[in-house]
Amino acid sequence: QVRLVESGGGSVQPGGSLRLSCTASGFTLGTYSTAWFRQAPGKEREEVSCISNSDGSTYYAASVAGRFTISRDNVKDTVYLQMNSLIPEDTAVYYCATRWSCTRPPHLWGKGTLVSISS
């Protein structure tokens with residue numbers, strides 16, 4: 001079965017860190033560019049970061065640049081999102097998604113993992 005699975009979400013205090021993982025079932029994740037999106041309560045889904053499968057180039061939304069880092073482990077076939085200096089506004093369900101490139105629309109989504117930032 002072809003699917004994406006996110007893990008690593010949880011609840012932390014402001015200023016804390018979390019690392020999200022995205023793994024694939026039924027295919028090789030490294031075949032595609034991989035992006036992280038998030039959707040906060042009452043808001044539209046927004047793209048957070050993307051990593052290209054071709055050259056490893058990365059993209060970050062302005063709201064997370066300097067705090068979040070996307071990376072890929074080709075041996076483990078996993079994409080990570082390291083999130084530091086978390087703020088309450090980062091609270092959302094985080095989804096990973098695959099796409100042919102970071103400029104193309106996603107074609108496969110995971111079910112998401114909840115990240116909650118509160119004191």
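In which sense do strands β2 and β11 pair, and over how many bridges? In the predicted model, strand β2 (residues 10-12) lies parallel to β11, and three bridges connect the two. Within this pairing, G10 is located opposite V115 of β11. Strand β11 is also joined to strand β9 (residues 92-99), here in the antiparallel sense and again through three bridges; Y94 has T113 of β11 as its bridge partner.

Strand β11 itself spans residues 113-117 and presents two faces. T113, V115 and I117 make up the covered face, whereas L114 and S116 lie on the uncovered one. In a regular strand, side chains alternate between the two faces of the sheet.

Two disulfides are present in the structure. In one of them, the sulfur atoms of C22 and C96 are 2.1 Å apart, and the link is right-handed, with 65° about the S-S bond. This disulfide connects distant parts of the chain, given that C22 belongs to strand β3 (residues 18-25) and C96 to strand β9, 74 residues apart. C22 is buried, at 0% relative accessible area, and C96 is likewise buried, at 0%.

The other disulfide is formed by C50 and C102, with a sulfur separation of 2.0 Å; the link is left-handed, with -85° about the S-S bond. Distant parts of the chain are again linked: C50 in strand β5 (residues 46-51) and C102 in the loop between β9 and β10 (108-109), 52 residues apart. C50 counts as buried because its relative accessibility is 0%, while C102, at 24%, counts as partly exposed. With the bonded cysteines numbered in sequence order, the pairing is 1-3, 2-4.

How values were computed
Residues are numbered from 1 along each chain as its sequence is written. This is a predicted model: local features need pLDDT of at least 70, side-chain atom pairs count only at pLDDT 80 or more; totals for chains, interfaces and linings use all residues. Side-chain values use heavy atoms; hydrogens and water are left out. Buried means under 20% relative accessible area, exposed over 50%, partly exposed in between (1.4 Å probe, protein chains only). Helices (H or I, at least four residues) and strands (E, at least two) are DSSP runs, numbered from the N terminus. Two strands pair if DSSP finds at least two bridges between them. A disulfide is a pair of cysteine sulfur atoms within 2.5 Å.
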